Amino acid sequence: MKNPLKVLSALTAVASLALGLSACGGGGAAASSDTITYWASDQGNSLDDTAAKLKPSLDRFTEKTGVKVNLEVISWTDLYNRILTAVTSGDGPDVLNIGNTWAVTLQETGAFEPVEGALLEAVGGKDRFLKTSWSTGGAAGKTPTSVPLYGLAYNMYYNTKLFKEAGIEKAPVTWEEFVADAKKLTKDTNGDGKPDQWGFTAAGASVSANSHQAFIRGLQNGGTLFDKDGKPTFDSDPQVAGVKQFIDLMANDKVMSPSDAEISQGSQKVDNVINGKAAMMFDQSPLKNFDARGFKDWAVAPIPMLAAGATGDAGTQSHVAGINLSVFKNSKNKENAIKLAGFLTSDAEQVALNKSYSSLPVVTGASSDAAFQTPEVKAKNDALANHSVPMPLIAKEGQMETLTGTAIKNLFAKAATGTVSDADIKAALKDANNQMAAAQ
Amino acid sequence: MIETRNFRILRNVVLTILSLWVAIPLYVVVSTSLKPLKDVAGLFQWIPREITASPYLDIWTTVPLAKYFQNSLIITVCATVCSVTVAVLAAYAIARLQFKGKRAFSLTVLSTQMFPGILFLLPLYLIFTQIRNLTGLQLQGSYLGLIITYMTFTLPFAIWMLSGYFASIPKELEEASMIDGTGRMGALFRVILPVAKPGIIAVAVYSFISAWGEVLFASVLTNEATKTLSLGLKSYASESDVFWNQLMAASVVVSLPVLIGFILVQKHLVAGLSAGAVK
Amino acid sequence: MTHSALESSPADAGRSAPNPAPGQPENVTAPPARKPRRSFLPYGLILPAAILEILIHIGPMLLGIWIAFISLTQLNLTNWLNAPFVGLQNFINGLNPESTIGQAFFSTVGRTLGYTILVVGFSWILGMAGAVFLSSNFKGRAILRTFFLIPYALPAYVGTIAWAFMFNQRDGAVNQILVDTFHLFGDERPFWLLGQNSFGAMIVVNIWQLWPFAFLMLMAALQNVPNDVYEAAAIDGASLWQQFRTITLPMVRPANGVLLMVMSLWTFNQFNIPFVLFGASSPKEATLVSPLIYQNSFGSWNFGLGGAMSVLLLIALFIASAFYIRMVLPKGADND
């Protein structure tokens with residue numbers, strides 16, 4: 001070992017060999033022509049649960065077409081960034097799930113296959129789909145770049161045992177009744193002078209859930225998040241009134257536990273209803289959690305509106321929630337990718353998948369299946385088809401959710417630790433509005 | 001310091017407080033990992049009502065933890081070995097050889113410590129993409145990409161510690177060896193490295209710990225096939241359900257290899273640091 | 001740091017290290033510098049490190065700086081090489097102190113500075129306390145030493161999630177101790193992860209994870225203080241505090257220079273802890289710079305704006321570090 005350079009090159013060789021070996025060992029998802037990659041969002045109780053429930057459908061697809069599917073289930077926290085990297089590098093899956101509120105942002109990247117021609121044909125045309133769900137596929141007036149896959153909608157779920165104890169016969173219909181019932185359901189059960197059972201629970205620290213309520217409550221009060229010219233109007237009077245109704249549940253009506261201000265995951269509020277710590281909640285699909293905990297004492301009702309029988313925007317109970325499916329434009333295997341999109345939106349698979357994820361079919365042909373005739377599914381279906389409006393179909397939707405949701409999160413935090421005045425609400429929304437305007 | 005009575009009392013008080021401060025969170029993790037899920041939901045119980053090993057069994061099926069474990073092991077071990085190798089070479093040059101640009105090199109390497117990770121998360125990905133496009137070398141989603149990323153992250157501190165350590169070794173040792181005809185590199189391998197063992201261990205531990213726990217870059221640079229253990233931990237707390245007991249059990253499992261290794265080499269670590277970095 | 005660490009050999013003259021590496025120098029004050037031979041060897045040796053640094057650190061950083069001057073949004077991500085150059089527009093849009101975003105940025109920088117001082121300060125104090133009291137010999141010393149290092153060895157995610165679990169207002173262990181056991185706060189359970197408290201909670205978590213590092217480095221530095229120095233001081237009647245001030249502190253000063261700088265940089269750029277504690281949007285009172293940049297680039301897919309913020313930050317850190325190296329570190333180098 002006299003020559004230092006020899007030693008050095010030997011060392012470098014060893015190091016690069018180690019690197020090379022490990023490189024071969026991992027990440028080798030061989031892209032053969034009869035295999036496509038599918039990124040699925042987390043729809044089950046865990047990543048593995050989601051994969052297990054998707055597997056029978058994918059097996060049927062392979063059997064039918066001979067195309068193998070390389071499935072990767074990605075958690076919601078990672079999915080957006082993974083899509084970002086895929087878009088940037090042009091190196092992504094062939095087919096992927098997206099949150100339908102991201103559709104316009106992703107459409108603008110131009111990285112996804114427009115739903116026309118072969119793709120439109122494969123999914124059987126837009127008339128097969130629920131109108132509301134289909135409208136989330138992209139910006140108005142442009143060819144959509146995603147098709148609906150799973151439908152979801154907000155409903156009110158409540159603990160029937162607590163209702164019975166409080167002597168409430170039927171679920172509240174109007175917001176006024178809702179608050180009154182919630183007050184009856186809020187009580188001190190252990191005699192320490194502080195309430196430990198609450199009328200209502202929500203994930204006060206969940207940015208996206210908060211932004212949905214800002215949107216829904218705003219519409220019910222006659223407001224919108226954006227005016228006709230696309231300028232943000234977060235701090236308009238009806239919008240402020242709507243947000244105030246929601247914040248007041250904790251701040252003034254005192255029917256919501258201050259500790260809810262800390263809940264960031266939806267499952268925690270579901271636990272509150274299951275454990276009898278709270279009576280009512282707004283949720284999209286708590287059934288899998290109910291089932292996992294063996295909870296039976298629940299019932300479902302529409303989200304309360306300001307007036308019974310309200311229609312149009314005033315009758316909004318939910319945004320058009322759901323998960324869409326996109327085909328990656330850079331796919332090396334577009335033909336098979338399109339086949340998978342067609343297969344997953346077929347009537348039979350819509351029945352199978354939405355049944356196992358307790359979501360709603362997005363094609364009218366599947367809705368009539370026996371699995372979707374329970375009162376719960378019918379209620380969800382009614383909300384989705386007749387009482388929901390898509391979140392604003394704009395490219396900055398993500399930012400809008402973050403700003404409005406965070407404003408409400410901070411207001412709940414303030415309510416939990418002190419008082420919230422009308423001016424506070426107005427100021428928080430105004431601040432969010434300014435940031436939105438600056439970002440546009 | 002001199003052990004007067006006051007000193008001993010003060011020592012006992014301070015060390016007890018510090019021990020509690022360290023111990024309480026660790027106790028919370030371990031005790032929660034042994035409770036059934038229903039007991040985790042309510043008010044925290046210091047003494048578990050019921051002890052169960054089932055979270056430790058369930059973690060392997062809720063999330064493919066065994067595979068993540070394997071990924072993490074490969075990535076971390078490779079990154080550590082490579083980082084130490086590269087650092088040894090560079091540190092030796094800095095500590096022993098005179099060359100033009102030495103100061104610039106040292107300063108540049110060290111200045112990278114001030115880059116916020118956020119600043120180059122996307123650029124790094126873009127560069128990897130360009131490399132892939134130009135050479136076909138797959139750096140995103142492969143072990144290789146994460147290995148070279150992690151080894152580079154730990155290089156500056158490693159080079160700095162090792163060069164300090166090497167500089168503290170008397171030159172006479174090497175010179176004797178070089179007179180025997182081993183050449184400079186021979187001297188490095190036969191004389192310096194054995195003597196510098198504590199320093200090298202300290203650097204290896206630092207590299208291993210940094211790579212084992214990293215999540216930000218892993219979340220962008222891995223895919224399902226190469227996902228790491230620390231990243232896998234997040235999967236126990238999904239939007240739809242939080243398995244606190246499993247999360248804590250998995251945390252214990254993830255931490256154990258680091259802790260065991262750490263305890264084994266901990267003596268060398270202090271010796272290595274005291275002679276190398278801390279002068 | 002570079003002056004002392006990289007260019008001069010440590011002159012550990014006269015120290016009797018309790019834990020010397022084999023072949024530790026007994027007296028190497030100023031070895032005669034050898035005439036450098038012209039050789040490619042040094043360059044060969046630093047080549048692998050240089051390549052990696054350029055590929056992973058320098059290159060991406062330069063690209064990151066470039067991004068601050070282009071408009072990189074969802075509209076051109078797929079074709080980012082051709083994203084339009086917009087000059088200083090991102091800086092003007094985002095960092096104008098009159099605008100909402102600019103105000104948020106500058107108040108966040110100030111907050112992060114305070115955060116860094118508090119975290120590094122307390123970590124240093126705790127680390128110093130641990131190191132001083134564990135440098136004397138007693139039963140259980142080795143066990144405690146290992147035990148104290150555990151928070152540093154744990155993956156950052158584990159430590160943070162454990163604290164998040166403990167900070168839960170209704171059911172968490174922290175409120176159980178403080179409110180249920182000690183009846184503090186008038187039996188009102190405070191929220192640790194909301195509002196102003198969240199800033200404090202985040203500091204606690206960061207100190208918990210960082211102090212063992214200070215402890216480790218300071219302990220290593222104290223290994224080099226021979227006990228007879230203390231003995232002599234004690235005979236002269238120096239109190240414990242005087243011994244600490246006149247012997248211990250000067251001994252760790254060289255180590256301190258680098259330790260404080262590295263810890264400050266890590267803390268200032270802290271991302272993981274707020275991200276795990278609060279998710280993608282921190283409470284207003286606890287927003288640090290890195291999460292803010294993340295929010296403004298990854299959250300909104302407007303990488304130019306995030307890039308502009310990063311560049312400003314980088315310049316500030318660079319100036320601060322250069323100043324620090326000039327002002328503080330040479331003092332340490334003098335002791336070498």
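Helix α7 of chain C spans residues 173-181. Its buried residues are C:A173, C:V174 and C:N175. The model is predicted. What do these buried residues pack against? They meet α1 (5-33) of chain B, together with α6 (156-167) of chain C. After α7(C) comes C:H183. The phi of C:H183 is positive, near 50°.

The packing against α1 of chain B leads on to the interface of chains B and C. Here 97 residues of chain C are in contact with 90 residues of chain B. Which element of chain C gives the most to this side? That is helix α2 (residues 41-67), with 18 residues. By class, the side of chain C that touches chain B has 69 nonpolar residues. Another 23 are polar, and five are charged.

Now turn to chain A. It holds an open sheet of five strands, in the order β2-β1-β3-β10-β4. The pairing is mixed. Which strands form the edges? They are β2 (68-74) and β4 (147-152) of chain A, each pairing on one side only. From one strand to the next, the twist averages 20°.

Look inside the sheet at β3 (residues 95-99) and β10 (residues 321-327) of chain A. These two strands run antiparallel, and five bridges join them. One residue pair can be followed by eye: A:V95 has A:V327 in β10(A) as its bridge partner.

A helix also packs on this sheet: α3 (residues 76-89) of chain A. Helix α3 touches β1 (35-41), β2 and β3 of chain A. The direction of α3 makes about 120° with that of β2(A).

Methods
Residues numbered from 1 in each chain as written. Chains lettered and ligands numbered in written order. Predicted model: local features only at pLDDT ≥ 70, side-chain atom pairs only at ≥ 80, totals over all residues. Contact = placed C-beta atoms within 7 Å. Helix = DSSP H or I, 4+ residues; strand = E, 2+ residues; numbered from the N terminus. Nonpolar A, V, L, I, M, F, W, Y, C, P; charged D, E, K, R; others polar. Buried ≥ 20, exposed ≤ 12 C-beta atoms within 10 Å, placed from the backbone. Pairing = 2+ DSSP bridges. Axes fitted to C-alpha atoms, helices over the stretch in contact; angles between N-to-C directions.
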